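Here are a few exercises to work through with the model open beside you. Try each one before you read its solution.

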Amino acid sequence: MTRTTVPPVACVGEPRLTAGFAEFGRLDLLAHEEVHGPIGPIEPANLLRLAEGVQLKGKGGAGFPFAKKVRAVLESCERQDATAIVVVNATEGEPASWKDKVLLTRAPHLILDGAAVAAYALDADEIIIGVADDGVGQESLMEALGERRLPVPASVVTVPHRFISGEGGALVNGINGLPHIPPGTKKRSSDSGVGGLPTLLSNAETYAHLAIAARLGPYEYAALGTDDEPGTVLLTVTGAAKRPAVVECAAGTPLREILDLCEVPAGPGILMGGYHGKWITPEAADRAEISRKGLAAVGGTLGAGIIVPLGADTCPLGEAAQVVRYLAGESAGQCGPCKMGLPDLARSVDLAVSGSAPLQVVRAAAGDVKGRGACSHPDGTARFALSAMEVFAEDLRLHSTGEGCGRRVRGVMGLPGAPDANPQRLTLDWSRCDGHGLCAHVVPDFIRLDANGYPAFPATPVPTWLREGALKAVKVCPELALRLAKAES
C-alpha cells in the first residue's frame with residue numbers, strides 16, 4: 001500500500017462513522033443527509049452534557065476527555081473576554097494510520113457536522129481544518145465545504161506530512177505561521193491557541209463521533225460499546241495483514257475478530273497504538289478486546305487505533321529498530337531529550353539488535369529521555385523501544401549471540417519512503433586505527449569511544465539521516481582506518 005492509497009473499509013457489527021460507504025462510496029451532502037439525517041445546533045450546557053454522557057474522548061491518541069476541553073475553552077473565553085476558534089486535526093502524521101484520511105475522502109460532512117456543532121456552542125469565530133500536504137482527502141474536503149454553509153467561516157490549512165506535525169501544538173504553530181513543530185514549552189491551546197485565542201483542538205474522528213452522538217443522544221449512542229467506552233472505534237490494520245483495512249467496530253470487540261477479518265497471519269507480535277504504542281504477544285492478542293481498558297489489561301494501548309501485526313518471515317527486532325531510527329530522525333531538534341537522546345536511543349537499539357550491547361544499554365538510553373521532553377515524542381519513542389525489547393526477548397537472546405534470528409527485515413511497518421536502495425555500513429581496519437577519536441566527534445550519534453578510547457558503532461547499516469556524518473568521519477580519519485562500504489543483504 002502506497003502512502004497515497006487509501007485502504008479498503010470494513011465494519012464489524014453496526015456501522016456508524018462508515019454508514020453508507022457500501023451504498024455511496026463517498027457521501028456527498030445529499031447522500032450524507034439521507035444516511036445520517038438532520039442535525040441541529042446545540043447550546044453550550046447541552047454540548048457538555050452530551051460529551052460527558054457518551055464519555056467522548058479524543059481519538060488522536062491521548063484520549064483526553066472532550067468535555068474537559070470544551071469547558072476549558074468556555075472558561076478561557078469568559079475569563080479573557082475573547083472569542084474561540086475551532087480546530088480540526090486531520091493531519092494524521094503517523095505513517096501507519098489511515099482512519100482520518102478515510103473520513104476525509106468518504107465522510108467529510110461528518111467531520112464538518114461535528115466542527116459546526118462545537119463552533120455554534122462556543123460562538124466561535126472560525127473553523128480551521130488541518131490536513132497533511134500529501135493531498136489525500138483534501139480535494140474531497142474542499143468539495144464538501146463548497147456544498148454547504150457552516151455557522152462560521154471555515155478554512156483549510158496544510159502542514160508537512162511529518163510525524164511530529166500531527167502533534168496538536170505543532171498544528172497550532174503551523175496555523176500561526178510558525179515552524180510546524182511542537183512548542184518548546186507546554187501550553188494549553190484552550191488558553192492561547194490560534195492567534196492567541198482560546199482554541200478547541202481535537203482529532204477529526206472525535207468531531208465525527210460528536211456528530212453521531214448529537215443525532216443519537218447519549219442513550220442510543222451507548223447501545224454499542226462498553227459501559228466505560230460507549231460507541232465505536234476506527235482502526236487501521238496494516239503490517240503483515242493480507243487484507244489491510246480501516247475497520248469500524250464497537251468498543252469491546254475481541255481483537256482476534258479484527259485480526260481474522262484482515263487475514264493476519266501468525267507472527268511474533270502485534271504493535272498496538274502506532275509508533276508511540278506498545279507491542280503485545282500473539283497470546284495477549286487472543287485475550288484482548290478493542291478498548292483502552294481491554295488493551296491495557298494485556299500490556300497494549302489503543303492510542304490512535306493503529307494495529308501493525310508482524311508476520312513470521314521478518315525480523316521483529318530489525319523492524320522495530322527501523323522505526324526507532326525513523327522516530328529519532330523526526331525529532332523537532334529543540335530540546336536535549338529529542339536532539340541528543342533519541343539518536344542515542346536509536347543507536348542503543350541498533351547495538352542490541354546487532355548483538356553488540358546488552359539490554360541494559362537500551363534501558364539506560366530510554367530512561368535518559370522519558371519524562372524530559374518538550375512534547376510526548378521522547379516518551380512515546382522510549383515506550384515503543386522498551387516494549388519491543390520485552391515482547392521479542394527470545395529474538396533478542398538469539399541476536400545477543402551475534403548470529404541473529406535468521407530472518408531478513410522486510411520493512412512491513414509502513415515507514416514513509418522506499419527502503420534504502422543502497423544500504424551502507426561502517427567498517428574499521430584495526431591494523432590502522434590509533435584511537436584518535438576524531439570520528440566520534442564528527443558523528444557522535446552513531447560512533448562512540450569505548451573504554452579504551454577506540455571507536456565503537458553498530459554493525460547495522462548507517463541510517464540515511466546519518467550518512468553524511470559518516471562520510472565526514474571517514475574523511476577526517478588520519479590513518480584512513482574507516483571505510484563506508486555497501487552492506488550485504
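**Exercise 1.** Is the crossing of H15 and H16 left-handed or right-handed?

*Solution.* First, a note on what you're looking at: this is a predicted model, in which local features need pLDDT of at least 70, side-chain atom pairs count only at pLDDT 80 or more, and totals for chains, interfaces and linings use all residues. Residues are numbered from 1 along each chain as its sequence is written, and side-chain values use heavy atoms, with hydrogens and water left out.

Step 1: find the helices, H15 at residues 359-369 and H16 at residues 377-391. Helices here are DSSP runs of H or I with at least four residues, strands are E runs of at least two, and both are numbered from the N terminus.

Step 2: check the geometry. The two helices pack at an angle of about 160°, with their axes 9 Å apart. That makes H15 and H16 roughly antiparallel to each other (angles over 145 degrees count as roughly antiparallel, under 35 as roughly parallel, 65 to 115 as roughly perpendicular and the rest as oblique).

Step 3: the crossing turns out to be left-handed, that is, the near helix is turned anticlockwise from the far one by less than a right angle.

Step 4: look at who touches whom. From H15 come Leu 359, Val 362, Arg 363, Ala 366 and Val 369, and they meet Pro 378, Asp 379, Ala 382, Leu 386 and Met 389 of H16 (contact means heavy atoms within 4.5 Å). Sorted by class, the contact of H15 with H16 has eight nonpolar, no polar and two charged residues.

**Exercise 2.** How do the axes of H2 and H6 cross, and which residues make the contact?

*Solution.* Step 1: H2 covers residues 29-36 and H6 covers residues 108-122. Their axes come within 9 Å and cross at roughly 70°, so H2 and H6 are roughly perpendicular to each other.

Step 2: on the H2 side, the contact uses Leu 29, His 32 and His 36; on the H6 side, it uses His 109, Leu 110 and Asp 113.

**Exercise 3.** Which parts does the aromatic pair of Phe 163 and Tyr 326 tie together?

*Solution.* Step 1: a search of the whole structure finds seven aromatic pairs (rings of Phe, Tyr and Trp, the last by its six-membered ring, pair if their centres lie within 6.5 Å; planes under 30 degrees apart count as stacked, over 60 as edge-to-face and the rest as tilted).

Step 2: one of them is Phe 163 with Tyr 326, edge-to-face at 6.4 Å centre to centre and 85° between the planes.

Step 3: Phe 163 sits in the loop between strand S4 and helix H8, while Tyr 326 is in helix H13, so the pair ties together parts that are 163 residues apart in sequence.

Step 4: Phe 163 and Tyr 326 are both buried (under 20% relative accessible area; exposed is over 50% and partly exposed in between, with a 1.4 Å probe and protein chains only). Along with Tyr 275, they form one aromatic cluster.

**Exercise 4.** Is Ser 165 buried or exposed, and which residues does Ser 165 touch?

*Solution.* Step 1: look in the loop between S4 and H8, where Ser 165 is found.

Step 2: its relative accessible area is 1%, so Ser 165 is buried.

Step 3: leaving out residues up to four places away in sequence, Ser 165 touches Thr 91, Val 159, Pro 160, Ala 170, Leu 171 and His 180.

Technical notes: Axes fitted to C-alpha atoms, helices over the stretch in contact; angles between N-to-C directions. Nonpolar A, V, L, I, M, F, W, Y, C, P; charged D, E, K, R; others polar.
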